Amino acid sequence: MDCVPRTMLEKIWHQHEVIPESADTPAVLYIDLHLIHEVTSPQAFAVLGERGLSVRRPELTLATLDHSTPTRTEQIFGGAPIAIESAARQIRALERNCALYGVELLGLKSEQRGIVHVIGPELGATQPGKTIVCGDSHTSTHGALGALAFGIGTTEVGHVLATQSLLQRKPKSLAINVEQRLQPGVTAKDLILWIISRIGVSGGTGHVIEYRGAGVRALDMEERMTVCNMSIEAGARAGMIAPDETTYAYLAGRPRAPRGLDWERALARWRALPTDADAHFDREVAIDAAAVEPMITYGTNPGMVIPITGRIPERANDAAFDHALAYMGFEAGAKLMDKSVNVVFLGSCTNGRLSDLRAAASVLRGRKIAPGVQMLVVPGSQAVKRAAEAEGLHAVFMEAGAEWRESGCSMCLGMNGDLVAKGDYSLSTSNRNFEGRQGVGARTLLASPLTAAASAVRGRVTDPREILN
Amino acid sequence: MEPIRILRSRTVVLSAANIDTDQIIPARFLTTTTRDGLGQHLFADWRYDVAGAPRSDFILNSAGARNCRILVAGRNFGCGSSREHAPWALLDYGFRAVISTQIADIFRSNALKNGLLPVVVDAATASWLFEHPGAEVSIDLPTATLALPGRAPLTFPLETFARSLLVNGIDELGFLIERDAQIGAFERRQTTA
Ligand code: SF4
């Protein structure tokens with residue numbers, strides 16, 4: 001009889017062990033869903049070709065175009081050539097590989113195309129209890145639905161294509177217990193940045209985080225995705241949240257979710273997934289959601305983050321810190337509030353969902369973006385785009401002076417033509433503020449969609465609570 | 001994959017902490033569909049000025065750094081993205097090992113899969129290496145030991161599995177393919193469950 005209390009991680013892990021790990025050898029772990037995109041797959045397919053292998057389970061593999069794919073409508077639908085030749089090559093390579101190996105591709109003009117971590121949940125392909133991998137570290141997003149989901153490298157993409165399996169050591173478990181609720185004007189993005197400020201960019205190293213507690217239960221599905229998305233910025237392998245009624249309500253009726261009797265069976269399985277009472281975590285951290293404030297980064301890693309009303313800390317004898325501040329053009333002890341911004345980016349797999357666009361639109365409705373500020377609004381998927389347009393959100397953005405694009409990763413990473421100019425300040429709802437991430441010399445300030453929209457209106461770093469009140 | 005047993009080289013030191021994958025190879029160079037040639041973009045934003053000329057003040061551009069196969073780096077090296085272009089670029093440039101007090105998880109596993117050896121050392125050893133750039137050091141794979149001139153050899157953590165794959169030059173894909181029967185049996189169990 002199985003009476004040792006187990007964490008959700010342990011349960012999912014155990015259900016997917018083809019061969020358990022031993023002291024000498026990692027486990028062979030079976031993968032239920034493999035998401036692929038144009039940037040991290042070509043070299044993996046090349047290995048299949050070199051060794052004469054096929055894709056073991058094409059039906060468990062789903063491809064989309066997002067990372068280097070342009071967001072300009074004319075390049076997707078208008079017949080204009082894809083401006084960046086190397087991006088066009090990657091797109092063609094994925095099209096060719098998917099055709100050759102029988103993998104479903106949500107191609108350039110597909111209504112279901114979008115950022116890989118937005119479309120998985122949206123299509124209902126992401127489900128509780130699944131093991132999900134993708135050659136992108138923000139695969140942790142899918143953990144919001146109670147999946148064990150993590151990023152892998154291209155060599156491993158090849159492993160999964162060829163064998164549907166991966167060699168893995170079981171990670172440790174870290175419980176982040178979030179009590180209380182977020183205050184008005186404070187978002188899930190602020191919560192995860194707050195958590196990173198507490199545990200640090202390597203605080204989760206070697207662990208899978210399970211976010212728990214009333215503060216997490218109170219979040220809707222999209223907010224949970226934002227939190228799990230940035231687990232990787234805390235150094236963790238993955239982030240997960242136990243499925244509950246919010247999860248089931250989100251999934252019911254989605255195109256790839258089970259139906260009828262299959263749905264009932266799946267529900268019974270999913271209800272057994274949450275961590276048992278008294279299960280042991282390797283580490284636990286407590287967070288008070290009510291204390292969280294709107295957060296913003298000032299440096300070049302997501303751990304260099306402060307409450308928006310705060311000051312940049314001072315650190316003696318820390319060359320990396322000094323280098324980061326010099327890159328950002330900031331000084332220790334200074335406030336970030338009222339610093340001018342040149343670019344505002346609303347989008348990415350962190351904050352490119354409908355609720356993020358709604359939040360930003362609530363600030364921008366009837367307002368204009370400050371002169372000289374460029375704002376790009378890039379929906380996370382074509383489905384998000386259609387839903388936003390049905391509500392008239394695109395009109396709100398365009399009337400405010402923002403650009404409205406086709407879905408994709410866009411300015412989250414500088415490889416699809418959407419770039420921040422050297423030295424410019426970008427207030428971005430994405431997840432990474434590394435040097436050069438949004439373009440050579442670009443200076444990224446990460447914050448929530450509310451903060452982004454409020455700052456776009458003022459042309460300066462702005463606490464959204466000032467505008468919302 | 002080439003088997004590695006002993007690696008002897010002078011070191012190049014980049015002592016900054018948190019060197020992330022965007023610094024190792026900026027995202028704009030990831031649009032390739034092959035692995036070859038990535039070494040020329042390694043640390044591109046540090047190595048070249050805006051006009052594309054090598055910066056004389058960057059260590060990799062110094063004469064002493066040529067042909068060094070071991071990189072010594074600050075804490076939390078390789079943090080950031082899961083992109084394998086980072087170890088590919090380091091390998092294509094000619095590095096075979098990275099020494100640091102802390103090496104980011106995904107980077108570490110990507111490095112091992114591609115035959116780049118991650119060597120985690122204690123803070124005292126790291127400071128010695130920072131203070132002696134260009135030191136001739138030697139890494140012995142079968143025993144997972146690092147020998148520094150004039151100091152006692154020290155062992156570093158390296159899983160038996162990774163070690164035996166590296167020493168024998170077998171890769172993980174080959175290992176998995178050999179387990180085809182077990183994978184098939186698992187799939188049959190799943191569909192009948
Ligand atoms: S939006 Fe950014 S983080 Fe998300 S998948 Fe795309 S590149 Fe990766």
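**View 1. Helices α2(A) and α6(A) pack at an angle of about 50°.** In this predicted model, the axes of α2(A) and α6(A) lie 8 Å apart. Angles under 35 degrees count as roughly parallel and those from 65 to 115 as roughly perpendicular, and α2(A) and α6(A) are therefore oblique to each other. The crossing of α2(A) past α6(A) is right-handed. If you would like to find the contact yourself, look on α2(A) for Gln43(A), Ala44(A), Val47(A) and Leu48(A). Their partners on α6(A) are Thr154(A), Val157(A), Gly158(A), Leu161(A) and Ala162(A). Sorted by class, this contact of α2(A) with α6(A) holds 6 nonpolar and 3 polar residues, with no charged ones.

**View 2. Chain A meets chain B.** Here 49 residues of chain A and 41 residues of chain B make up the contact. On the side of chain A that touches chain B, several elements supply at least two residues each. Among them are the two helices of the previous view, α2 (42–51) and α6 (154–163) of chain A. The strands β1 (17–19), β2 (27–30) and β8 (165–168) of chain A take part as well, and so do the helices α4 (85–101) and α12 (319–328) of chain A. Which helix provides the largest share of this side of chain A? It is α6(A), with 6 residues. The side of chain A that touches chain B contains 19 nonpolar, 24 polar and 6 charged residues.

**View 3. Three domains are assigned in chain A.** Following along the chain, you meet domain 1 (8–168), domain 2 (172–291) and domain 3 (295–461). Between the centres of domain 1 and domain 3 of chain A, taken over C-alpha atoms, there are 27 Å. Domain 1 of chain A brings 23 residues to the contact between these two, and domain 3 of chain A brings 21 residues. On the side of domain 1 that touches domain 3 in chain A, the elements giving two or more residues are α3 (73–76) and α5 of chain A. Helix α5(A) gives the most to that side, with 4 residues. By class, the side of domain 1 of chain A that touches domain 3 of chain A has 8 nonpolar, 10 polar and 5 charged residues.

**View 4. The ligand lies between domain 1 and domain 3 of chain A.** Where does this placement come from? Both domain 1 (8–168) and domain 3 (295–461) of chain A give residues to the shell around the ligand, so it lies between them. There are 14 residues around the ligand, and those that come nearest are His138(A), Ser348(A), Cys349(A), Cys409(A) and Cys412(A). Two elements of chain A, α5 (116–123) and α13 (348–351), give two or more residues to the shell. The shell around the ligand divides into 6 nonpolar, 6 polar and 2 charged residues.

**View 5. Helices α7 and α9 of chain A pack together.** Helix α7 covers residues 188–199 of chain A, and helix α9 covers residues 221–229 of chain A. Their axes are 8 Å apart and meet at an angle of about 25°, which makes α7(A) roughly parallel to α9(A). This crossing is right-handed. From α7(A), the contact uses Ala188(A), Lys189(A), Leu191(A) and Ile192(A). From α9(A) come Glu223(A), Thr226(A) and Val227(A). In the contact of α7(A) with α9(A), 4 residues are nonpolar, 1 is polar and 2 are charged.

**View 6. Helices α14 and α17 of chain A pack at an angle of about 30°.** This last close-up shows α14 (residues 354–364) and α17 (residues 449–458) of chain A, whose axes are 8 Å apart. The two helices, α14(A) and α17(A), are therefore roughly parallel to each other. Helix α14(A) passes α17(A) in a right-handed crossing. The contact residues of α14(A) are Asp356(A), Ala359(A), Ala360(A), Val363(A) and Leu364(A). Those of α17(A) are Pro449(A), Leu450(A), Ala452(A), Ala453(A), Ala454(A) and Val457(A). How many residues in the contact of α14(A) with α17(A) are nonpolar, polar and charged? The contact has 10 nonpolar residues, no polar ones and 1 charged.

Methods:
Residues are numbered from 1 along each chain as its sequence is written. Chains are lettered from A and ligands numbered from 1 in the order in which they are written. This is a predicted model: local features need pLDDT of at least 70, side-chain atom pairs count only at pLDDT 80 or more; totals for chains, interfaces and linings use all residues. Two residues are in contact if their C-beta atoms, placed from the backbone, lie within 7 Å. Ala, Val, Leu, Ile, Met, Phe, Trp, Tyr, Cys and Pro count as nonpolar, Asp, Glu, Lys and Arg as charged, and the others, Gly among them, as polar. Axes are lines fitted to C-alpha atoms, for helices over the stretch in contact, and angles run from 0 to 180 degrees between N-to-C directions. Angles under 35 degrees count as roughly parallel, over 145 as roughly antiparallel, 65 to 115 as roughly perpendicular and the rest as oblique. A crossing is left-handed if the near helix is turned anticlockwise from the far one by less than a right angle, and right-handed if clockwise. A residue is near a molecule or strand if its C-beta atom, placed from the backbone, lies within 6 Å of it. Domain bounds come from an automatic or database domain assignment.
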